[in-house]
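Let's take a walk through this chain together, one region at a time. Please keep the sequence and the model open beside you as you read.

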Amino acid sequence: MRRTNISDIIAFTTTVETSSFAGAARALGLSRSAVAKAVGRIETRLGVRLFNRTTRSLSVTEEGRRFYEQCTVILDDLASAENNIAGRDARPKGLLRITAPGAYGQLHVMPVVRDFLTMWPEVAIELNLTDQTVDIVEEGFDLAIRIGETSDLHPDVVTRVIARYRTMFCAAPEYLEKYGTPQTLESLRSHLCLPYINTRTSVAREHVWRVLTSEGTWQTIPGRIAFMANRGEAVLDAALSGMGIAWLPSFLSEQHVAEGRLVPVLSDYKSAELPVMALYPTKRYLPARVRVFIDTLVAAIRLQQESDASHKNSPLRKS
């Protein structure tokens with residue numbers, strides 16, 4: 001099969017974006033027939049129909065949509081390669097599509113988004129906050145933030161650890177005054193539990209805490225469910241309201257613990273350090289908007305961690 005001319009590819013992608021041969025022709029400074037012939041040449045070579053045509057409308061087929069998505073990646077790579085050689089890719093611009101977990105995204109990604117857009121006004125950001133796993137290659141995201149180890153990654157995805165955190169048992173002072181402070185894992189059986197649930201998995205009638213002991217072994221303890229939710233913010237709110245004991249990540253609980261609204265319990269039992277990772281599709285030339293955003297996010301997280309450490313060590317901090 002002969003290779004498709006890059007001009008034909010541009011004519012095709014522009015037709016998809018403008019939804020007409022006439023619109024593509026105006027955008028490219030060509031005649032309508034030249035654009036239609038370019039698309040026709042691609043269809044002949046591929047042996048598939050890229051558009052459904054009627055006398056009044058033009059719509060892209062499923063094969064055409066898939067081909068368009070692959071072509072835009074190729075054109076982006078080509079533009080990045082040219083900009084890289086010409087030294088023009090240092091300035092972020094274009095649409096940056098990010099997906100991140102709800103609570104972490106709201107607390108740590110959104111502040112960076114606001115600052116980033118102020119620094120780089122030529123960038124637009126689409127932020128998808130969800131606790132569900134998203135296939136960033138299939139769904140066209142430039143960047144994903146994931147929490148915890150990931151074993152089912154797409155082979156074309158690069159990972160970078162940007163932070164680490166632990167989880168711990170926490171409860172409001174009001175709850176502990178009313179129900180007492182558990183001293184052993186076994187005593188959790190008599191306490192109200194506030195579990196985080198994943199909507200893709202089932203939750204038993206009796207929630208089971210699974211914790212790492214100081215000896216490095218895992219131990220499970222059942223407890224009574226008072227409330228459960230599939231969003232970390234909801235579990236945090238329930239704990240702050242005195243509804244029970246929660247197993248909260250440090251990025252959610254630390255500030256509230258420092259200010260006395262939550263009290264750590266069973267402090268010997270914490271999770272192992274879990275990574276927060278940035279994931280992005282493999283590209284020889286990573287767009288500046290992606291690279292600079294990741295660097296900005298890492299710098300913001302490091303600054304916050306240094307601030308937290310300084311606050312913990314401050315002699316003025318209340319004990």
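## Helix 1 and its two ends

Helix 1 is followed by S19, a residue whose phi is positive, near 65 degrees. Since this is a predicted model, please read that angle, and everything below, as computed from predicted coordinates. The helix itself covers residues 6-18, 13 residues in all. From its first C-alpha to its last it reaches 18 Å, close to the 18 Å expected at 1.5 Å a residue.

What caps the N-terminal end of helix 1? The cap is N5, with a side-chain oxygen 2.7 Å from the backbone nitrogen of S7. Further along, the buried residues of helix 1 are D8, I9, A11, F12, T13, T14, T15 and V16. Two of these names, A11 and F12, will come back when we reach the cores.

## The loop at S31

Moving on from helix 1, we come to S31, in the loop between helix 2 (21-28) and helix 3 (32-46). Is S31 buried or partly exposed? It counts as partly exposed, because its relative accessibility is 38%, which falls between the 20% and 50% cut-offs.

The side chain of S31 makes a polar contact with the side chain of S33, at 3.2 Å. Looking back along the chain, F21 is 10 residues away from S31, and the C-alpha atoms of the two are separated by 8.8 Å.

## The chain as a whole

Now let's step back. The chain has 10 helices and 13 strands, and of its 319 residues, 38% count as buried. Among contacts with a separation of 6 or more, 73% are between residues 24 or more positions apart. The chain exposes about 18100 Å², and carbon and sulfur atoms supply 49% of that area.

## Two nonpolar cores

The largest nonpolar core has 38 residues, and those with the most contacts inside it are Y104, I145, I162, L248 and F293. Which helix gives this core its largest share? That is helix 10 (residues 288-313), with seven residues.

F293 is a good place to look around. Leaving out residues up to four places away in sequence, F293 touches L96, I98, V109, V112, V113, F116, I125, L143 and A288. A second, separate core has 17 residues, including A11, F12, A25 and L50.

## Strand 5 and its partners

Two of the contacts of F293, I98 and L143, lead us to a pair of strands. I98 stands opposite L143 in strand 5. Strand 3 (residues 94-100) and strand 5 run parallel and are joined by two bridges.

Strand 5 also pairs with strand 13 (residues 274-281): these two run antiparallel, with four bridges between them. In that pairing, A144 has L279 of strand 13 as its bridge partner. Why is strand 5 (residues 143-147) described as largely enclosed by the rest of the structure? Because four of its five residues are buried.

## S253 in helix 9

Our last stop is S253, which sits in helix 9 (residues 250-258). S253 counts as buried because its relative accessible area is 0%, and the cut-off for buried is under 20%.

Which residues does S253 touch, not counting residues up to four places away in sequence? They are M168, C170, L248 and L262. L248 is a familiar name here, as it is one of the residues with the most contacts inside the largest nonpolar core.

Methods. Residues are numbered from 1 along each chain as its sequence is written. This is a predicted model: local features need pLDDT of at least 70, side-chain atom pairs count only at pLDDT 80 or more; totals for chains, interfaces and linings use all residues. Side-chain values use heavy atoms; hydrogens and water are left out. The expected span of a helix is 1.5 Å times one less than its number of residues. Buried means under 20% relative accessible area, exposed over 50%, partly exposed in between (1.4 Å probe, protein chains only). A polar contact is a pair of N or O atoms within 3.5 Å; within protein, one must be able to donate a hydrogen and the other to accept it, and residues adjacent in sequence count only if both atoms are side-chain atoms. Contact means heavy atoms within 4.5 Å. Accessible areas come from the Shrake-Rupley method with a 1.4 Å probe; for residues, only the protein chains shown count as cover. A nonpolar core is a set of buried Ala, Val, Leu, Ile, Met, Phe, Trp, Tyr and Cys residues joined through side-chain atoms within 4.5 Å. Two strands pair if DSSP finds at least two bridges between them.
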